[in-house]
Amino acid sequence: MRRTLVIGLALLAMACTGSRDVEPDRGTGTTAGGEVVCEEPRCPECDGGQESVAPPAEPTPATIRIATFNIKDFGPTKAGREEVMDQLASIVREYDLVAIQEISDARNRVPQLFLDHINQMDGPDYAMSISPRSGVHPDDRRSAEQYGFYWNTERIELVASPEPSLFPEPEDNNRFDREPWLARFQVVGDDGFSFVLATVHTDPNAAAAAIGALHHVVGWARERWADEDDFIVLGDFNAGCDYAEPNELAGLELSSTDYFWIVPHTADTNFTPRSACAYDRIVTGSNTAIEWTGAWGVDDEAYRVRGCRTTGRCGR
């Protein structure tokens, strides 16, 4: 029997049933997930970040929570602020698996510092898988950053072979400033639900083209993990407002019946009070959509903590 899967995106979340005989509720969900973006003066813990929330109720033993979190410019400066790391680590601990974008430490020290901080807190141990610096082509190196997957080792395990990988994008067909990072995971336990997770942070100035190319990323993943049939793409798509409008997205292969968009174009995953945009998204293969319980949402924990939900301003 397959396990129920609850998937949350750093600021966008979705829940999956994990049972092929349960039809998903494709109405408005109650889980939270999305992206946190603070304007100046910025709040330390949610500066530009995207964080996710799972359904309001505690998950059952047959559920997991997955989130996506764009922690804007997550480098040594932010990692050196204890209160920021406390807040970020406590958010990650709300989920079983978190995809993080925008790690910006050329010395590659921040990912391990963050894992250590997470594991200093009470609760199960977490593990991580960190990408090489994305933006591998010469004209993309100005945008280079890393992705990370962090997971609760009591609930999730990494399927080590084939190993996680950046999407090997041909230089003569360069659609990504930052190539997506992919890995395969399995829920701990007998016959645990398995899936390939791909995360991406697109260039806002070329978002529609990059989102369109995600179809090819999934195709490559199907060849790399040929015995897998569940695929989830999540992250900071910049898929809203002027960056990528619904009519642009509608014509993409990623919008065909082979895929299911958990987060609708009308969503607001941007906490900045000056705009309401569905930048952050979760997209599954149509096969995986059957696993979804129908719940998704936006996690505003960072705003509640610092009292900046209503004003868009966070104290330092």
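Buried means under 20% relative accessible area. By that cut-off, 7 of the 9 residues of β3 are buried, and the strand is mostly covered. The views below show a predicted model.

**View 1. The whole protein chain combines 7 helices with 13 strands.** The chain has 316 residues, and 59% of them are buried. About 12700 Å² is exposed. Carbon and sulfur atoms supply 46% of that area. Among contacts with a separation of 6 or more, 72% link residues 24 or more positions apart.

**View 2. Four strands form an open sheet in the order β3-β4-β6-β5.** Pairing in this sheet is mixed. The edges are β3 (66–74) and β5 (126–130). Each has a single partner strand, so one side of each is left without a neighbour in the sheet. Direction ignored, neighbouring strands are turned by 20 degrees against each other on average. Strands of a sheet pair through backbone hydrogen bonds, either parallel or antiparallel.

**View 3. β3 and β4 run parallel.** They are joined by 6 bridges. T68 has A99 in β4 as its bridge partner. The edge strand β3 is mostly covered, with 7 of its 9 residues buried.

**View 4. β5 pairs with β6 in the antiparallel sense.** This pairing extends over 5 bridges, and β6 covers residues 146–152. I130 stands opposite G148 in β6. β5 is an edge strand with a single partner.

**View 5. Helices α2 and α3 both contact the sheet.** α2 lies across β3, β4 (97–103), β5 and β6. Its direction is at about 160 degrees to β3. α3 packs on the sheet and touches β3, β4, β5 and β6. The direction of α3 makes about 165 degrees with that of β5.

**View 6. Helix α2 (residues 82–92) crosses helix α3 (residues 110–120) at roughly 70 degrees.** The two axes come within 9 Å. Angles of 65 to 115 degrees count as roughly perpendicular, which makes α2 roughly perpendicular to α3. From α2, the contact residues are E82, M85, D86, L88, A89 and V92. They meet L113, F114, H117 and I118 in α3. By class, the contact has 7 nonpolar, 1 polar and 2 charged residues.

Key
Residues are numbered from 1 along each chain as its sequence is written. This is a predicted model: local features need pLDDT of at least 70, side-chain atom pairs count only at pLDDT 80 or more; totals for chains, interfaces and linings use all residues. Side-chain values use heavy atoms; hydrogens and water are left out. Helices (H or I, at least four residues) and strands (E, at least two) are DSSP runs, numbered from the N terminus. Buried means under 20% relative accessible area, exposed over 50%, partly exposed in between (1.4 Å probe, protein chains only). Contact means heavy atoms within 4.5 Å. Accessible areas come from the Shrake-Rupley method with a 1.4 Å probe; for residues, only the protein chains shown count as cover. Axes are lines fitted to C-alpha atoms, for helices over the stretch in contact, and angles run from 0 to 180 degrees between N-to-C directions. Angles under 35 degrees count as roughly parallel, over 145 as roughly antiparallel, 65 to 115 as roughly perpendicular and the rest as oblique. Ala, Val, Leu, Ile, Met, Phe, Trp, Tyr, Cys and Pro count as nonpolar, Asp, Glu, Lys and Arg as charged, and the others, Gly among them, as polar. Two strands pair if DSSP finds at least two bridges between them.
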